[in-house]
Structures are given as structure tokens and as C-alpha cells.
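Trainee: I am new to this one. Can we go through it together, term by term?
Mentor: Gladly. Here it is.

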Amino acid sequence: MFAYTRLPEKDCRSRTRGRVRNLQQHSLRRPRPLKRRKTMAGLLERDFCSEQALLQHGGKLFIDDKWLDATSGATLDVYDPATGSVIAKVAAGDTEDVDLAVRAARRAFENGAWSKLTPSERGRLLWKIADLLERDAAEFARIESIDNGKPITMAQGDVTLAIDMFRYMAGWATKITGTTTPLSLGFEHHSFTIREPVGVVGQIIPWNFPLLMAAWKLAPALAAGCTVVLKLAEQTPLTGLKLGELFQEAGCPAGAVNIISGFGETAGAAIAAHPGIDKVAFTGSTEVGKMIVRAAMGNLKKVTLELGGKSPVIVFNDADLEAASAGAAAGIFYNQGQVCTAGSRLYVHKSAFDRVVADVADTAGKIRLGQGLNPDTQMGPLVSDEQLGRVLGFIGAGQDQGATIVAGGERHGDAGYFVKPTVLTNTSRDMTVVREEIFGPVIVAEPFGDDDLDKIAAIANDTEYGLAASVWTKDISKAHKMARKIKSGTVWVNCHNVYDAALAFGGYKQSGWGREMGEYATQNYTEVKAVTFKL
Ligand code: ADP
Ligand code: MG
């Protein structure tokens with residue numbers, strides 16, 4: 001029922017090790033043998049992870065090719081969202097640490113350690129990261145599942161997409177080009193454009209797809225020749241820090257990639273405001289996105305933003321209703337609904353409304369909630385206590401305003417941060433559950449009675465967001481027309497939550513600025529220079 005079907009093979013290690021070793025012979029500098037260092041005592045206490053040291057670097061910051069404690073000595077607790085217990089402590093980076101990382105990134109950029117590598121060498125390093133990630137895929141998936149709470153099969157899907165992203169962007173490293181431009185001048189000339197790396201990039205990512213978001217951010221920036229300071233979400237720092245180990249193993253030049261765990265208000269804010277950062281790329285809430293823009297004004301750093309959504313799912317009565325119902329359920333319940341493109345507003349033609357809503361509610365009632373590593377689990381907990389409170393608050397507000405709960409509507413169990421998959425009807429367009437991004441497994445369903453596509457599109461577009469939408473119909477002409485009428489960066493037809501490294505992704509309206517993935521992502525990290533010769 002969920003979108004990700006491509007899962008990595010059970011054990012990628014034996015399959016790829018030889019290949020990785022061969023690649024290492026051509027590494028940029030001598031790769032370090034990976035020390036199987038012991039993890040911090042008690043770093044991850046649960047018995048399901050004691051078989052292996054999960055973080056060889058002990059939860060430290062990766063700055064200038066070194067593993068450092070936060071300058072302040074502060075740490076932050078990492079929770080298992082299935083139980084609410086602390087499973088790890090990692091360094092809580094702050095302004096001083098961001099500054100150290102920015103200086104290291106600046107050196108790697110200005111001295112050419114990274115920016116002056118040949119495009120082919122940069123591509124090869126990204127490809128190597130993909131190979132190492134593939135080798136360690138099972139371990140990354142396991143850590144992601146523990147840290148975020150998501151079911152292990154979903155975590156495996158995330159790792160596969162992260163690998164794809166590094167490989168895809170490895171290819172772009174050698175294909176970032178300019179144009180030759182004929183000008184309307186009265187003399188002989190030669191004019192062309194060059195695309196140059198924008199410089200030192202700050203990147204801030206959320207907790208819903210921790211490793212995948214790191215890949216979406218790092219891969220295009222590095223392909224373009226930028227150096228990076230990446231800040232992980234405080235809720236889910238484990239796989240991002242572990243990715244630092246792979247950059248080190250691959251022989252990445254010191255300072256090209258710096259990875260920091262820390263809080264948004266401190267480390268994140270320091271990145272957004274830092275005068276030594278040329279560009280900031282942010283994925284997270286629209287509220288914080290606006291703060292990033294304000295903070296970036298100081299040195300007018302370039303900004304791209306991938307923000308919230310309230311994506312409509314529009315089901316016509318000529319659709320394959322079984323597929324549409326399953327797609328609507330997967331569209332909202334995938335990743336516990338903690339997806340910026342979650343199909344959180346369901347609009348169904350009135351003649352099919354009862355059937356589709358009944359199907360979605362039926363699916364909601366059957367979803368098996370549980371701890372992510374349990375192979376039977378179909379939905380894990382929400383990421384945090386805060387998120388649990390937020391989502392339950394929205395459901396309560398919807399009820400107070402007159403919505404009807406036809407599935408879920410409450411917490412599941414009393415340990416961990418589980419919320420039952422929830423379906424609400426009898427909503428109206430001014431309710432908070434309809435207007436605001438809930439970021440949880442909550443869908444609102446409303447019938448439409450009109451066959452006027454403009455009126456249906458107006459309902460779908462009645463939101464400050466514009467990230468994604470899906471249209472379900474067998475009528476090709478109707479699908480094409482709707483795809484053009486909807487104001488969002490992505491429109492899916494007869495599917496939802498389909499991503500690919502090659503496919504542009506981003507938002508209209510308050511869902512963001514710019515596009516990630518595909519060739520568009522490389523443009524985020526390059527400046528265009530026009531050079532003109534009088535001959
Ligand atoms: P959520 O509230 O769902 O956690 P956020 O937008 O707050 O979503 O978080 C996304 C990312 O933004 C995280 O890495 C977080 O630490 C960071 N962040 C939060 N507040 C700020 C801020 N004021 N400045 C910069 N980054 C921030
Ligand atoms: Mg926040």
C-alpha cells in the first residue's frame with residue numbers, strides 16, 4: 001500500500017565490497033582504513049542495536065575531517081520514539097561550532113581542495129559515497145528506523161533513494177555547462193557563460209527523512225563544486241553523522257563536507273545568519289523558512305526553501321476507485337503522515353465519496369502500528385513528544401469545530417508517540433485541520449459535486465501551500481487539464497508520493513523557493529557568469 005517498492009537487497013555488503021575497494025585505489029587522497037571503534041558506552045542501549053557499534057565517532061560533530069565535541073561541551077538527547085526513552089547522546093553544536101565548520105568549508109573552497117578538483121574527480125567521490133552507502137545499507141536503514149521510528153522497510157526505501165541521489169548527482173558533476181551566446185553588437189565578439197560553484201553552502205534539514213534529506217542536499221552542492229556545512233535535525237541526527245564516516249572513508253578533502261548536530265534556534269540560526277556562508281538551503285516548516293529568509297538578509301546569501309504542504313488528492317468518479325482509495329490512504333499514511341507532500345486533503349466526486357472514504361477508513365483501521373524494527377509494523381510512532389502533542393491538538397481542534405471522526409482520532413497505546421491513522425469528514429474550508437499542515441496521519445475528506453474543472457481546481461488551490469497534488473481519473477484529457485490548473489510544484493496522476501533523483505521537486509506559493517533534484521538542483525548551487533570578448 002505504500003509508495004516505496006524498491007528495497008535494497010538484504011545484504012549489499014558482499015555484493016559491493018570488491019567494487020568499492022577497486023574504486024578506492026583511485027581515491028582522491030589515501031582513504032583511511034575504517035577503525036571499528038567502540039561506540040560511546042551506552043550510546044544505544046536497546047538490545048536490538050547492541051550487536052554493532054552504531055556510531056563509530058561517538059556522536060561528535062564532523063568538522064574539517066575531525067570528530068569534535070561541541071565547543072561548549074553540550075550534548076543533546078536522542079529518543080526512541082517508539083518508547084520515549086533516550087537511546088543516544090550527540091554533540092549539540094552551536095554558533096562557535098558552525099563558525100569552525102564555515103572556516104573549514106571556506107578553506108576547502110578557496111584553496112581548491114574541493115572546488116578545484118576536476119568534475120570527474122568530484123563525480124567519482126559522490127559515486128563512491130553511493131557505493132559505501134550501498135555496502136552499509138542495512139545498517140543505515142536500521143539506525144534510521146530506530147532514530148525516526150519509521151518501519152524498517154520504509155527506512156530501506158529511503159536508503160535506496162539516497163544511494164540513487166548520490167549516483168545521479170555524480171553524473172551531473174561532469175555536465176554542468178554554460179552556453180555560447182550570439183550578441184547583437186556592431187563588432188566581432190565572443191560571448192559565453194560559465195556556471196561556477198556559489199561557494200560555501202549552509203544546509204538545514206528536517207527529521208522526517210533524515211538520511212535522504214542529507215543526500216538531497218549534499219549531492220548537488222558537491223557536484224557543483226560547493227563546500228558544505230550541513231545541520232541535521234535535533235530529533236534525528238544519527239544517520240547524518242554516520243554519513244560523515246563515509247565521507248571520511250572515501251577520502252573526501254578536509255572541510256569540503258562538515259556535518260553538525262544541534263538545535264535549530266542555535267546551530268540552525270547561526271548558519272542562516274553567518275556572513276561567511278554564500279547560500280543556504282533549507283527544508284522544514286514554512287514558519288522557520290521565513291525566519292531563514294530574514295536571517296539571510298544580512299549578507300543577502302542565496303536562499304532555496306522546501307517548506308510545508310497541504311496537498312490535495314482529487315478523485316473523479318471515473319477513476320479506478322480501488323486504486324484511488326489505496327493511493328489516498330498511502331498518500332497520507334506513508335511515513336506516519338510526516339511528509340511535506342502528504343495527501344492531507346481528499347476531494348472525491350459526491351457519487352464516489354462514501355465508497356472512497358469507507359475504503360480509506362477501513363485501511364486506516366487495519367494499519368498495524370508498532371516499533372519500526374518489527375517486520376510486521378506498517379506504521380511507526382510520530383517522531384517526538386512535541387509532534388504527538390501537535391497532531392493530537394489538531395485532531396481535537398477539528399472535533400471542536402464540528403468535524404466527524406470516521407477512523408482513528410486518538411493516541412495509540414500509552415508508550416511512545418503513536419497516533420492512530422485518522423480520517424475526518426464534515427469539515428469546512430475554514431477549519432484549521434483543512435488549512436494548516438498537520439504533519440501526521442490525518443486526512444480530511446470532502447465531496448465535490450461539480451464537473452467544472454476550474455471550480456474543482458479552485459478548491460484544490462484554496463491553500464497557501466503549493467507543493468504537490470494528485471489527480472485520480474481514467475480520462476486522459478481531464479487529467480492533463482487538471483495538471484495545468486493546479487498550482488503546485490508536483491502533480492501526480494493516478495499515483496502519489498512518487499520521487500526520483502531525476503525529477504524536479506519544490507513548491508509554488510508558500511511551499512518554497514527553487515527546485516531540488518534533477519538538473520534544477522545543480523542550478524541552486526551555481527552562479528552564472530557572462531564573459532564577453534571584443535575580438
Ligand atoms: P519542525 O518544527 O517540524 O521540527 P522545523 O522547521 O522547526 O520543523 O525544523 C526543520 C529544521 O530547521 C531542523 O533542522 C531545525 O533544527 C531547524 N530550525 C528550527 N528552527 C530554526 C531556526 N530558527 N533557524 C534555523 N534553523 C532552524
Ligand atoms: Mg520547529
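Mentor: Start with one definition: a residue is near a molecule if one of its heavy atoms lies within 4 Å of it. Keep in mind that this is a predicted model.

Trainee: Which residues come nearest to ligand 1?
Mentor: Ile205, Trp207, Lys231, Glu234 and Ser285 do, out of 19 residues around ligand 1.

Trainee: What makes the approach of Lys231 to ligand 1 a polar contact?
Mentor: A polar side-chain atom of Lys231 lies 2.8 Å from an oxygen atom of ligand 1. The cut-off for a pair of N or O atoms is 3.5 Å, so this pair counts.

Trainee: What about the backbone of Gly264 and of Ala269?
Mentor: A backbone N or O atom of Gly264 lies 3.1 Å from an oxygen atom of ligand 1. For Ala269, a backbone N or O atom lies 3.4 Å from a nitrogen atom of the ligand. Both distances are within 3.5 Å, so both pairs are polar contacts.

Trainee: How much of ligand 1 does the protein cover?
Mentor: On its own, ligand 1 has 540 Å² of accessible area, and the protein covers 85% of that.

Trainee: Which elements give two or more residues to the shell?
Mentor: They are β7 (227–232), α8 (264–273), β9 (279–283) and α9 (286–296). By type, the shell residues divide into 11 nonpolar, six polar and two charged.

Trainee: Next, Arg195. Why is Arg195 called buried?
Mentor: Its relative accessibility is 16%. Buried means under 20%, so Arg195 counts as buried. Arg195 is found in strand β5.

Trainee: Which side chains does the side chain of Arg195 contact?
Mentor: A polar contact of 3.1 Å joins it to the side chain of Thr522. Another, at 3.3 Å, is with the side chain of Thr526.

Trainee: Why is Leu185 called partly exposed?
Mentor: Leu185 has a relative accessible area of 36%. That falls between the limits of 20% and 50%, so partly exposed is the right term. Leu185 lies in the loop between α5 (152–172) and β5 (189–197). With Leu183 and Phe187, Leu185 makes a nonpolar surface patch of about 220 Å².

Trainee: And why is Asp500 partly exposed?
Mentor: The value for Asp500 is 34%. It too sits between 20% and 50%, so the term fits. Asp500 lies in the loop between β17 (490–493) and β18 (512–513).

Trainee: What lies 2.9 Å from a polar side-chain atom of Asp500?
Mentor: The backbone nitrogen of Ala502. Separately, the C-alpha atoms of Asp500 and Met165 are separated by 8.1 Å, although these residues are 335 residues apart along the chain.

Notes. Residues numbered from 1 in each chain as written. Chains lettered and ligands numbered in written order. Predicted model: local features only at pLDDT ≥ 70, side-chain atom pairs only at ≥ 80, totals over all residues. Heavy atoms only, no water. Polar contact = N/O pair within 3.5 Å; in protein donor to acceptor, adjacent residues only side chain to side chain. Areas by Shrake-Rupley, 256 points an atom, 1.4 Å probe, with all protein chains shown as cover. Helix = DSSP H or I, 4+ residues; strand = E, 2+ residues; numbered from the N terminus. Nonpolar A, V, L, I, M, F, W, Y, C, P; charged D, E, K, R; others polar. Patch = residues over 30% accessible without salt bridge, like charges linked within 9 Å, V, L, I, M, F, W, Y side chains within 5 Å. Salt bridge = Lys/Arg side-chain N within 4 Å of Asp/Glu carboxyl O. Buried < 20%, exposed > 50% of the residue type's maximum accessible area, 1.4 Å probe, protein only.
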